Amino acid sequence: MSLFPRQETLQHTFGNPALFRRAHDKPTPYQARPELYGAYSIVDDAKDKAHKLSAEAQAEIDRASQKAQAKVGGIELYSGKYYAACTFGGLMACGLTHAAVTPLDFVKTRRQVDSKIYKSNIQGWKMIYRAQGLRGIFTGWSPTLFGYSAQGAFKYGWYEFFKKKYSDLAGPEAAHKYKTVLYLSASASAEFLADIALCPFEAVKVRMQGQPGSYTGTVNGISTIMAKEGIGGLYKGLYPLWGRQIPYTMMKFASFETIVEMIYDRLPGSKADYNKLQQTGVSFTAGYLAGILCAIVSHPADVMVSKLNAYRKAGEGFGAVMSRIYGDIGFRGLWNGLPLRIVMIGTLTGLQWLLYDSFKIFMGLPTTGGPAPAEKIKH
């Protein structure tokens with residue numbers, strides 16, 4: 001039995017615990033702080049709930065995927081159902097993403113039409129928001145949604161078709177040896193057709209954004225242009241649109257396929273060793289990098305499309321208006337708005353490939369990239 005009173009007795013008697021605190025009672029630099037245990041518990045609980053919600057969401061997606069696949073039946077690669085699925089995936093991927101970045105595209109288009117209208121993109125958004133509110137920032141969203149939905153459907157669906165068609169014509173060895181040429185040819189053919197669907201909506205969008213208040217909506221814009229200029233008014237920007245979009249899409253698909261192959265070549269194991277989430281992560285990364293290259297290649301033509309739709313006079317020849325516009329802006333003017341477009345197109349392309357390949361997985365199909373297997377998809 002100790003001859004000295006315990007610390008608890010002294011504290012109870014004299015009331016000031018600080019007087020009787022032992023030196024070793026102080027927390028050391030490496031000692032856990034008990035008052036933070038509750039915070040650690042909250043964080044752990046939040047992590048557990050997040051994992052649980054993620055697992056539940058994934059389970060719901062898997063159930064929906066199984067129902068969709070059962071309803072459609074087996075999807076054989078390169079069958080009509082396969083191309084229909086790719087077409088619908090492209091429709092969603094392009095329509096939704098382009099509509100979502102309308103504010104970026106709006107300011108870019110205005111600065112291309114009139115380089116002195118805003119000193120910066122941020123100033124442009126502020127001025128538009130003050131004058132017209134949030135609705136003004138999304139000017140042109142409807143022709144963007146309709147136009148790029150149609151373009152995406154044609155582009156992705158026809159790309160899958162032409163890639164298979166040209167591969168069969170070339171034969172297995174030549175198709176593998178010259179696969180980059182195959183990607184370029186298939187994407188160029190697909191975009192040629194896709195732009196015919198896009199052009200009328202692009203004409204309305206550019207005029208709505210470059211000339212505020214010109215139309216009340218997509219239908220009003222198309223009907224007004226046709227009443228004044230005929231159907232040719234909707235397609236007067238087709239040549240520069242081809243000049244912008246065909247190189248863009250060739251770079252988009254060929255660089256994406258190449259980057260995907262490079263990523264999997266440098267990762268341990270094969271593509272089949274990675275789960276669905278990891279494969280879509282590769283799709284997004286490769287898509288974003290491909291988008292940066294796309295923006296650079298197609299930017300001069302993008303500037304000319306914006307200028308041409310806004311300033312081409314009735315009856316003016318294509319060559320004459322192109323020469324007039326170039327004389328006004330010069331070579332440097334062809335690159336006006338490039339930094340913003342790199343951000344916009346990089347994000348767009350990454351998200352498009354993410355959505356497209358996610359939909360293909362949802363339907364039980366393999367993701368894009370590398371030579372696709374020739375066997376039938378089993379469910």
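**Exercises on a predicted model**

At 24% relative accessibility, Y78 counts as partly exposed, and the structure in which this residue sits is a predicted model.

**Exercise 1.** Explain why Y78 falls into its accessibility class, then place the residue and describe its phi angle.

*Solution.* Partly exposed is the class between under 20%, which is buried, and over 50%, which is exposed; because the relative accessibility of Y78 is 24%, Y78 counts as partly exposed. As to its place, Y78 is found in the loop that runs between α2 (37-72) and α3 (80-100). Its backbone shows a phi near 65°, which is a positive value in a residue other than glycine.

**Exercise 2.** Determine which residues make the nonpolar surface patch of about 250 Å², and classify F154 by its accessibility.

*Solution.* The patch is made by F154, W158 and F161. Of these residues, F154 has its place in helix α6. With a relative accessibility of 35%, which lies between the 20% and 50% cut-offs, F154 therefore counts as partly exposed.

**Exercise 3.** Characterise the largest cavity by its volume, its lining residues and the classes of those residues.

*Solution.* A search of the whole structure for cavities of 30 Å³ or more finds 1, and about 160 Å³ of space lies in the largest cavity. Its lining consists of 18 residues, and H98, D105, Y148, M344 and I345 are those that lie nearest the centre. Two or more lining residues come from each of α4 (102-113), α6 (141-170), α8 (179-210), α10 (238-266) and α13 (338-362). Sorted by class, the lining comprises 8 charged, 6 nonpolar and 4 polar residues.

Definitions and conventions. Residues are numbered from 1 along each chain as its sequence is written. This is a predicted model: local features need pLDDT of at least 70, side-chain atom pairs count only at pLDDT 80 or more; totals for chains, interfaces and linings use all residues. Side-chain values use heavy atoms; hydrogens and water are left out. On a 1 Å grid over the protein atoms alone, a cavity is a set of points where a 1.4 Å probe fits but cannot get out, and a pocket is an open set with protein on both sides within 12 Å along at least five of seven lines; lining residues have an atom within 4 Å of a point. Grid points are joined across faces, edges and corners, and a volume is the space filled by probe spheres set on the points. Helices (H or I, at least four residues) and strands (E, at least two) are DSSP runs, numbered from the N terminus. Ala, Val, Leu, Ile, Met, Phe, Trp, Tyr, Cys and Pro count as nonpolar, Asp, Glu, Lys and Arg as charged, and the others, Gly among them, as polar. Patches are made of residues with over 30% relative accessible area and no salt bridge: like charges are joined within 9 Å, nonpolar side chains (Val, Leu, Ile, Met, Phe, Trp, Tyr) within 5 Å. Accessible areas come from the Shrake-Rupley method with a 1.4 Å probe; for residues, only the protein chains shown count as cover. A salt bridge is a side-chain nitrogen of Lys or Arg within 4 Å of a carboxyl oxygen of Asp or Glu. Buried means under 20% relative accessible area, exposed over 50%, partly exposed in between (1.4 Å probe, protein chains only).
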